[in-house]
Amino acid sequence: MATRDDRRRSREREYEEGLVVIQEMVNKLNTILQEGTQSFTSADYMRFYTTIYNLTTAHPIREYSPELYEKYKETFEEHINYKVLPSLRGKKDQDLLQELVTKWANYKIMTRWLFRFFHYLDRYFIPNRRLPSLQETSFIAFYNLVYGEINEQVRNTVISMINQERNGEVIDQDLVKSTVTIYVEMGIESMKYYERDLEASLLKESAAFYSEKASKWIQNESYEDYMYLVERCLKHEKEIVSSYLPATTQDKIIQAVEHELLQEKASELEGKKMIW
């Protein structure tokens with residue numbers, strides 16, 4: 001008859017063997033992401049899911065939910081440090097945005113698969129411990145490690161491209177939209193990352209952009225021409241929002257533009273209107 005020590009050692013062996021299976025799963029997932037042609041078979045799915053389920057479900061000796069939750073986090077952190085960040089470092093401007101969009105798309109695929117395999121943690125362990133959900137844990141890691149390093153570059157490039165379009169240049173709108181979407185998606189059901197790390201600077205830079213325009217126009221344009229330019233700018237800003245910015249930004253940008261072009265120049269415009 002097996003003693004408690006025997007059962008404990010058996011359970012520990014099961015855990016060690018399970019870690020080997022999980023590493024196999026991670027290796028196969030990395031291959032899928034790299035080659036983009038394979039997927040997990042039904043047999044793979046059942047084997048990997050069952051391995052994790054057996055280690056995290058209630059057990060008379062012990063269950064390994066805390067360890068596997070940490071393993072889940074570590075898997076994403078290692079992927080970011082060894083796969084994502086090295087491919088982003090050294091890139092600038094639109095090349096950086098393009099690579100970021102590609103890596104984020106792969107990262108979401110990774111998140112979906114690992115969510116399926118580790119799903120049992122989301123049912124009991126995570127709610128009981130009041131921990132971030134599996135999806136939140138994945139996206140938090142991406143935000144902290146990736147955007148903690150490159151957010152300033154990404155934000156400045158996005159704003160620069162928007163200003164280029166304001167000046168009449170043709171830009172890659174799809175690239176801007178895809179980059180902006182990452183900020184939104186990382187927050188899951190919250191706009192906190194977008195509002196804090198992109199929108200706030202975008203509104204500030206938009207105000208500065210139109211403040212400079214207003215100073216030039218008020219000196220060189222008639223009242224009628226100035227108001228025509230204001231109308232054209234407001235229309236363009238609405239088009240920007242509909243093309244690649246969240247709808248929640250529209251009112252904020254319009255207010256910023258109107259403030260710089262109209263309210264800040266109200267007295268000077270009144271003088272021009274009297275002459276006109």
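Begin by colouring the charged side chains of this predicted model. The protein has 37 positive and 45 negative charges, and the mean position of the positive ones lies 6 Å from that of the negative ones.

Next, show the whole protein as a cartoon. How many helices and strands are there? The secondary structure comprises 12 helices and 0 strands, so reading along the sequence gives the pattern α-α-α-α-α-α-α-α-α-α-α-α. The radius of gyration is 26 Å, well over the 19 Å that the globule rule gives for 276 residues, so the protein is more spread out than a compact globule. Turn the C-alpha trace along its principal axes: the spans are about 105 × 35 × 30 Å.

Switch to a surface view. The protein exposes about 15200 Å², and carbon and sulfur atoms supply 47% of that area. Of the 276 residues, 43% count as buried. Contacts can be sorted by distance in sequence: among those between residues at least 6 apart, 74% join residues at least 24 apart.

Now select helix H8, residues 173-186, and go to Met186 in it. Is Met186 buried or exposed? Its relative accessible area is 3%, so Met186 is buried. Display its surroundings as sticks. Leaving out residues up to four places away in sequence, Met186 touches Trp104, Phe139, Phe142, Tyr143, Tyr147 and Tyr193.

Last, select Ser138 together with Met186. These residues are 48 apart along the chain, and their C-alpha atoms are separated by 9.2 Å.

Notes:
Residues numbered from 1 in each chain as written. Predicted model: local features only at pLDDT ≥ 70, side-chain atom pairs only at ≥ 80, totals over all residues. Heavy atoms only, no water. Helix = DSSP H or I, 4+ residues; strand = E, 2+ residues; numbered from the N terminus. Rg over C-alpha atoms; globule rule 2.2 N^0.38 Å. Buried < 20%, exposed > 50% of the residue type's maximum accessible area, 1.4 Å probe, protein only. Contact = heavy atoms within 4.5 Å. Areas by Shrake-Rupley, 256 points an atom, 1.4 Å probe, with all protein chains shown as cover. Lys, Arg positive; Asp, Glu negative; His and termini not counted. Charge placed at Lys NZ, Arg CZ, Asp CG, Glu CD.
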